[in-house]
Structures are given as C-alpha cells and as structure tokens.
Amino acid sequence: MQGWPVRSTRMGRRTLSSRQPVHRVPRRLCYRPRPRLLRATPTDVPNDLFAEWTPELGKEAVMYPFLLNGCNELTSDFPEDRRLYFAECANKRIPFPFVEHADHHYTMPDLVISVPGVQLPLVMTTGSWSSICAALEGKATEDQDPFNKRGMVHIETVRQLATSARNLFFTHGLLYAFTIGFYGDTCRIARFDRSSAVVCQPFNYRERPDLLRRFLWRLVHPCVGGPVVGCDPAVRTLVPADIDWLKENLGKLGWDDTSIPSDTELSKGRRVEVPEYHSADAPKRALLLFDVLDMNARLFSRSTMVWHALEDTRHLPDASSPPRLMVLKEAWRQVVRRPEREFYERLNAIPDDKRTGLPKMVYGADLGVLESEEWEACGGELPFHEAPEETAESSESPRPSSPVSQASRSPSPELGGSISDCTSSESEHSPGPSDANAPSSSTDPPQTFLLPFPQYETYTWRLLFGDKYAHREQSLVRIVVDVVGRPLKRFRSTRELVAAMRDAIEGHQQAWEVGILHRDVSLGNILIAESTKERLTGFLHDFDYSSMMKDVPAGDKFDDNSEDDPLLRVAEDYDDEGKERTGTYYYFAIELLRDPSAVHSVHHDLESFYWVLLWVILRWTAHDRGFKEDPCENIFEFGSDEKAEYAKYGWIGSTRKVAVKGNAPLTDLLDQFKALCKSNTSESGVRLTHAKVLEIFDAALAREDWPTEADPAISKPAAPKEGTRPTIFKEHLKRRSGTQGTDGGKSEGDERGEKRSKGRAAGSGVHRSKKSSSAAASGSRGT
C-alpha cells in the first residue's frame, strides 16, 4: 500500500516535517506522548446518526442499510483521498487473497470499510480484501458482545472478527489490523497483531458518535507509512508499471508465459525494502515479491510467507544489469528464540565447493530488534508497573495496566485502545489551523522516534502484564536467500522429487556437522531448485526452530550413530520458561509423539523426511492406496499425540506398502525408508543416520528404470482440499482450550503444531480493557 507524504501536523508537542521520507522512521524527530495525538476537525457530530438503526435479534441484516448510512455520514467530509466508505457484505463469501488457500480461508463479515479513497457499493455482491481495510460486525443487543464471555456463540463471533483480521494481514502486509463491533447501543474496537489482540472498553456510539469518528480519522492519518494505521512503511502494493517490468524481466530470465503468474495474481504482490545486513544504518534493497511459495496462514503464529522475489534495479545507476531472482522469507519470530540470521552465519562455515542442499543468506535483518533498540535508545519504555504477587482472589485474571485501560495514560490510536478514556480532556479543545501548525516548544528534549511503541515487534503482552509474559511477543524478520525454488509438491517428475529430497538430506547433514539441528523438517521447508546445478537439485531452508551449539564441533564430522555424541540444544535450556519445542505436527517422529520429554535429535529429523515423502506420494502421485477422500487421513492424525503416534506406529509396523504407478524405483525407496524408520522407532532398534538414508536415496537415483518422458505417477487428479483435517482436531481444541481455532482450515505449509516443554505454552488471546479475557480469538498457538 502506497504511503503518503507525512503532513506538517502538530502531534502533542512536536512538528512533523513534510519533507521526511515515509519509507523509514526519521532519525531526528522528537516524540513526547500526549493525550492528544491526532484529532479530527471539527468534532461536532450529530447525535442522531444511528437513530434509524434499530435491529432485532436475528434480523440485523434487514437494518444494515441504516447502520451504513450512519457510518458513511461519519466520514462524509473526510478528504476524498482519505475518505472511508462502508458497505454491506452479510452472507457474502470473501475469499482469501491467494488462490491456493482461497477455498478454506474465506470469511463473511457483516460490514466492511474500504481502503481510503476507494468507493464501494452499499451492498457488495462479490468482494476482494484488496479494497477493504477493516471489518465490522453488527449485532442487535449488548448481550451479543462476545468479549469476556463463554459459549460457542460468542466464540464464533470473535472467530469471525479474528479471521477477517487475518485476511487483512495477508492481503495488505499489515503489521496490525483493526475490527469494529456494534452490539446494541455499544461499540468495541479491537486491535490484532501477531501475538494477541486487545479490545477497548465498550462505549455508547449513539450518544458519542464523535468517538467513533475520531478513531476513523486517526485510522487514515498514520504517523508513519500509509494509507491507514498498521501499514508497513517499507511495503507497498505493486502498480501496473511494476507488473510490466516484472513480466519483461522474468521473460529475459527464461520464464515462459505458463510459469509467470497472471496479472491478477501479480497484482497481489508487493514491493518491499529489506536492509542489506542487520544494522540500523544498513542500506536498503528493493525487491518485487510476485509469487507465494509457502505460507503459514494462521493469525497468531509466525505467519511465515516465502516469496519469489526479483530485485528492483530501476533506481540503480546501472539499471542495465539483469536483476537477480531470489527467495524472500518473512516471519514473526518468537522473541525468546535465536534469530535465524545467526544460523545462516554459522552455515557460512561450510566451504562453497562442498555445500549441498543449503541456501546462502544474501541480506536481511530482524526488523523488530533494530526498531526496539532505536526506540529504547530514545527513552522508550512500556508504562507497566509490576503488580503485587497474585492472591487467590486475583489469580484468575491479572489486572492489566495499559493505555487501553488506564485513563491517566496516553491512549494511542495505533493501539486501538479505549478512545473514551481520554475524551473528557480531549473534547474540551478542538484544534484549528493555527494550532495544527504551531511550533514545538523549545524545551522539548531531543528524541528520535515517531511512535509511542515499536511496530515491527509486538508489545501487547508486556504492556498488559509486564515482562513475565515477554516470551509471548514476536518480532518481524525478513531474510533473502540466493537460491530460487518451488514447493516440493510442484515436482515435474518423480525422480526430481527424490533428487530434491536427497540434496536436502545432505544439506541437513552438513548443517548438523557445524552444530545445527534443523528440528522442523516439513513439506514447506524443502524446495526444489529452479536452476538446478550440481549439489543443488533441492534445498532445506527455514531455520527458525533450529538449535545450535555455541561453537562449531571439533573434528571434521559427527558420527551421528554414536551414543556418545552430544545432543544439540539451543544455547539456553529446553526447560527455560516460555521456550517451546516446535515443529510441523504432521511430520513429527513417532518417539516425539510418544514421549513429550524426549530431546529432539538428529534421528527424529531424519524420520521426518520419511513422513514428508510419504505425504507427497499419497497426495500428489498415482498409487494403489485409497483412504476415503483424503489418502493421508488414516496415517496423519492432528492434535492428539496419542492418536497421532498410534496411527503412525500402526503404519510403520504393518506390512502394507504403497505401490506408485509405473514407478518401481520410488516404490522400493519408500519401502526401504519405511523399514529404516521401523527400526528407528523401536526401543532396541538402530537409530537412523544420514549415511543410511543417503545410501538408499543414492541407490534409487542410480537406477535406470525411472519413468522418462510421460511419468504415469504424476497423472493423478488434483489432491483433496488442503484444508481437510481429521475430526479429532476440533474435539482436541475444545478439550485443551475450550475454543476452536481461528482459521477455517489449514494450508499445506501451515500445519505447524507445537510440542511444548515444561514451561507454560506461549498462547494467544484477546484481552479486554478492564479485565484480561482469553476470549477465544485463538485456541492455542499450535492451532
């Protein structure tokens, strides 16, 4: 989304220069939190805007036109380029923005708010999230307010808001998103980020429509970035000139028309600026992101997105040089985990002439860490004071202390906090033109940060409950690697599939030899190299969940069959509070499902390679196995460790085989790999080693009876919808957290379940302003 120039506007006691760039945080501007951050002018709003909105329980949709009229009147005098338009889309399915996930990640909000300046029809028959910046729910009574209440009806209401927020995140690349709920005579504004959500106290929008208007005005007047609060200042959508340039240069790089995404899909891409290295002063590189390779489509999660990216060289002095094609990954790292760039730095110890199946990091940074360091250097701190020890009376719900709930502190429009907390003082003064441009006081201390809190690192848990919950916060990371790949499921021949997995296994071995254990071998983390070359048919990436020894192990190699070898761990203990053992649940080794106290080691990762290969064969090849609609359903259970372990062990211990159509090498490889895994799971068995696994892969690839031209194994019709999941999933959620997940389904690269350590799991929730309430915006982080 294109940012607008920052206007010269008095904010508290500082003045923003119109010449400051919008794509980065200015370094020499001052900030002092004040109750009046930005005000709509004028503040006079008729109190009868919503007089005709008189809904009846269960018949709200009939009255939506009157709610729309009132809302549209609130923004009728906004500048045309910033005006918001409200539209009804009740019972209309708005699909997820990306095609491969559209069927099962749709949502149906009651009302929506347009992107500033984009006029929507009052009633939308078809919709796209690209023209929407916020979602609304309209309910008839205050009893339908879902926050801080139990019951599946209330859970479903919050789930709908959360799913809409999730779709807004992925459509626009937002850092946080807002939703609005009308419940009888009251209104609530919720702010979602990647770790949790906060909701303001209910206020009477009929008596005080000026409060809602003020929020909407602030929403379209962000301090940085644009056009709405929550937009990433380093990101904007692709414009037609970008798309034309992309298509031209992809053609020069050898991409044919069938490989280049359609204009519709390209328009969902983004231009993003990425630091060359991890430093606040690092120069930025511009990339055009145009094809999603993998994504984690959950709201409260790492929300990983992996893109094909083309370096934008149009602004460089020598624009004639061909742009480089790369892969960009962005994810919200849990702050207690080791930054991924440190793993790539360790991997540089592998000589280039021996490096196999591993990409190299070209540039990137942990944006949350950089921004938080700058914010703290400017005197930034969270206004939280640790409460006394919890008593029996208060242990159920800790009292938050935050701008959301405390009138004495400065509510921020970026927080989506309680607008009503400061209105008594704020409404007494309405700024005029001269006041808006008044010079700042000469007594202002020099400060260098525009916002009250960072944007690239979440802070809600700490703001509400203090450092005790700091492990639940997340930080945005962007990393660019030099190898371009496509998802494993897009293999063009079954031999290519096996060759790609073979190189990824050797890459896993090389990482292990320099002291790194990947710990998340999964479908989304193995890619097929587009430009194949020696030692790089496929590669292993995404080291977010990896562990690393403090030093590179002595000697040339580990013997990973030796019982005396050290088990790789993160630098901190596994038992450290808030640290989780994580991975992609469907591909967990049987021992990890059976024994929660087991330390994740190399033989578990090697077993995961088998489960990935089996998953791909069952879903994307023609074979002789058929399990109802989903061929994976009887082997891959989700959510219950006991049932998942039982299903996998039943398969490994049986004599059943998968015969791939017309493909003896792949059939035999799968059978041999299964036999190795059977020994790996038994208590007295021989553990998997890289040498054993690579031996059977090399033997399979050396065979001469692979299909050559028309591979009959890949003539299978399309696999079942990627969102299908075992029925145990919902039952398990209800049992563990009393709620359902936020998503309508789970995408192929997003089935990340989490294996928790003894410390309390880092969950997610929606926080109410006066009392903490895990009001079921999400069940648990693993869902």
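Contact between a helix and a strand is taken here as heavy atoms within 4.5 Å, and angles between axes run from 0 to 180 degrees between N-to-C directions. On this basis, in the predicted model, helix 4 (residues 240-252) lies across strand 10, strand 12 (284-295), strand 13 and strand 14. Helix 4 runs at about 75 degrees to strand 12.

The strands crossed by helix 4 belong to a chain whose secondary structure comes to 17 helices and 24 strands. The chain has 783 residues, of which 62% are buried. Among contacts with a separation of 6 or more, 73% are accounted for by residues 24 or more positions apart.

Strands 10 to 16 form an open sheet of 7 strands in the order 10-11-12-13-14-16-15, with antiparallel pairing. The edges are occupied by strand 10 (235-237) and strand 15 (361-366); each has a single partner strand, so one side of each is left without a neighbour in the sheet. From one strand to the next, the twist averages 30 degrees.

At the strand 10 end of the sheet, strand 10 is joined to strand 11 by 3 bridges, and the two run antiparallel. V235 has V272 as its bridge partner in strand 11. Strand 11 also pairs with strand 12 in the antiparallel sense, over 6 bridges, and here the partner of V272 in strand 12 is L287. V272 therefore has bridge partners in both flanking strands, given V235 on the strand 10 side and L287 on the strand 12 side, where a pair requires at least two bridges. Strand 11 (residues 270-275) is mostly covered, with 6 of its 6 residues buried. R270, V272 and V274 are buried on one side of strand 11, and R271, E273 and P275 on the other.

Further along the sheet, strand 13 (residues 305-311) and strand 14 (residues 325-334) run antiparallel and are joined by 6 bridges. L310 stands opposite L325 in strand 14. Strand 14 pairs in turn with strand 16 over 8 bridges, again in the antiparallel sense, with E330 opposite R478 in strand 16. The pairing of strand 15 with strand 16 is likewise antiparallel and covers 5 bridges; D366 stands opposite V477 in strand 16.

Strand 16 (474-481) is mostly covered, 8 of its 8 residues being buried. Q474, L476, R478 and V480 point one way from strand 16, while S475, V477, I479 and V481 point the other way. This part of the sheet is crossed by helix 6 (residues 340-347), which lies across strand 14, strand 15 and strand 16 and runs at about 35 degrees to strand 16.

The largest nonpolar core has 71 residues, and F50, I113, I180, F182, F192, L212 and L216 touch the most other members. Leaving aside neighbours within four places in sequence, L212 is in contact with F50, L74, I180, F182, C187 and F203. Another core lies apart from the largest one and has 58 residues, among them L517, L540, L606 and A700. In soluble globular proteins, nonpolar side chains tend to be buried together.

L212 and L216 are also among the buried residues of helix 3. Helix 3 (residues 209-219) is mostly covered, with 11 of its 11 residues buried. The buried residues of helix 3 include the charged-type positions D210, R213, R214 and R218 as well as F215 and W217.A search of the whole structure finds 0 disulfides. The sulfur of C71 is 8.3 Å from the closest cysteine sulfur, in C187, which is too far for a bond. For C133, the closest cysteine sulfur is in C231, at 8.4 Å, also too far for a bond. C71 counts as buried at 1% relative accessibility, and C133 counts as buried at 8%.

H541 lies in the loop between strand 20 (536-540) and strand 21 (547-548). H541 is buried, with a relative accessible area of 6%. Residues up to four places away in sequence not counted, H541 touches V306, Y344, P359, H518, G524, N525, I526 and L527. With G524 there is also a polar approach: its backbone oxygen lies 3.1 Å from a polar atom of the H541 side chain.

Notes. Residues numbered from 1 in each chain as written. Predicted model: local features only at pLDDT ≥ 70, side-chain atom pairs only at ≥ 80, totals over all residues. Heavy atoms only, no water. Helix = DSSP H or I, 4+ residues; strand = E, 2+ residues; numbered from the N terminus. Buried < 20%, exposed > 50% of the residue type's maximum accessible area, 1.4 Å probe, protein only. Polar contact = N/O pair within 3.5 Å; in protein donor to acceptor, adjacent residues only side chain to side chain. Core = buried A, V, L, I, M, F, W, Y, C linked by side-chain atoms within 4.5 Å. Disulfide = S-S within 2.5 Å.
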